[in-house]
Amino acid sequence: EGSILENGFYVSTNGKSNPTEELRAFLESFKNSHLIKCKFPARFLYLKKHSVIRTIENINECQQYLKFRDVLIGQKLYLVFVSGMIDSPSSAFGHSLLRIHQDSELLDIAINFGAITENSNFISYIFNGLSGGFKAKLGFDRYFQLLKTYSQIESRDIWSYEVKIDKAQMELLVALLWELKDKTFKYYFLSKNCSSEMISLLDAVLETDVTNNLPFYVIPSQS
């Protein structure tokens, strides 16, 4: 079952738990109005790539999406691991994120996934983190801002690993981020966290299946 809470992410009323029905609903909606590709460009690009949708159309008429794309699109992709902070429960196991490299490191975009934990004390943080009591969202920041916080202020080590990705896969990643950018997720400290979500994004773009082979728990150093 999908971890996204908003019904608007799904075309079918049963799409959260039934991927086949969700696919059928999307294809039916596309027949009725091709503009649905602007709301769900990743699905359109993926299905076109695999000839499920046969059309010469592209997404050049999706002006709002194209503005978003122009900010994020880059030449290279990195999976970044930030070391943990023992004195901080939320950072004890480290942090994983994606970095989209653009013309220079100053312009690179960091793709984050984190829980919304305002006003949480230690006990409530642990309880909500383990029980799914927190919600989470994707965040987009300039990488140099995170680099300053993690490296200079918090003195944490940072490792970057390049992900081999072609132009079409980069386009698909940005389209998928468009679909997910305002959505709310359920967060679990051990199983639905920054690491698992970065792996899920890479699975979707690279068409791998690492997510389904993960153990019950996954921490950033495993990604």
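**Close-up views of a predicted model**

**View 1. Glu22 and its salt-bridge partner Arg43**. Glu22 is tucked away in this predicted model: with a relative accessible area of 9%, Glu22 counts as buried. Its side chain meets that of Arg43 in a salt bridge, 2.8 Å from N to O. Glu22 sits in helix α1 and Arg43 in helix α3, so the bridge ties together parts that are 21 residues apart in sequence. Arg43 is buried as well, at 16% relative accessible area. The story doesn't stop at a pair, though: Glu179 joins Glu22 and Arg43 in a network of salt bridges.

**View 2. Lys37 meets Glu57**. Here's another of the nine salt bridges that a search of the whole structure turns up. The side chains of Lys37 and Glu57 come together at 2.6 Å, N to O. This pair links distant parts of the chain, with Lys37 in helix α2 (residues 36–39) and Glu57 in the loop between α3 and α4, 20 residues apart. As for Lys37, its relative accessible area is 0%, so it counts as buried.

**View 3. Glu171 and Arg69, bridging helices**. The closest N and O atoms of this salt bridge are 2.6 Å apart. Glu171 belongs to helix α7 and Arg69 to helix α4, so to speak a long-distance link, with their positions 102 residues apart in the chain. Both Glu171 and Arg69 are buried.

**View 4. Around Leu72**. Look for Leu72 in helix α4, which covers residues 63–72. Leu72 has a relative accessible area of just 4%, so it's a buried residue. Who keeps it company? Setting aside neighbours within four places in sequence, Leu72 is in contact with Ile100, Gln102, Ile109, Ile111, Phe140, Val174 and Leu177. Leu107 is 35 residues away from Leu72 in sequence, and their C-alpha atoms are 9.6 Å apart.

**View 5. The largest pocket**. This pocket has a volume of about 1400 Å³. Its lining takes in 36 residues, and those nearest the centre are Phe9, Pro19, Leu176, Ser200 and Ala204. Four helices each give two or more residues to that lining: α1 (19–32), α3 (41–49), α7 (167–180) and α8 (194–206). Helix α8 gives the most, with six residues.

**View 6. A nonpolar patch on the surface**. Phe122, Ile123, Ile126 and Leu130 make up this patch of about 420 Å². Phe122 is part of helix α5, residues 122–131. At 55% relative accessibility, Phe122 counts as exposed.

Notes. Residues numbered from 1 in each chain as written. Predicted model: local features only at pLDDT ≥ 70, side-chain atom pairs only at ≥ 80, totals over all residues. Heavy atoms only, no water. Patch = residues over 30% accessible without salt bridge, like charges linked within 9 Å, V, L, I, M, F, W, Y side chains within 5 Å. Areas by Shrake-Rupley, 256 points an atom, 1.4 Å probe, with all protein chains shown as cover. Salt bridge = Lys/Arg side-chain N within 4 Å of Asp/Glu carboxyl O. Buried < 20%, exposed > 50% of the residue type's maximum accessible area, 1.4 Å probe, protein only. Contact = heavy atoms within 4.5 Å. 1 Å grid on protein atoms, 1.4 Å probe; cavity = no way out; pocket = protein on both sides within 12 Å on 5 of 7 lines; lining within 4 Å. Points joined across faces, edges and corners; volume = space filled by probe spheres on them.
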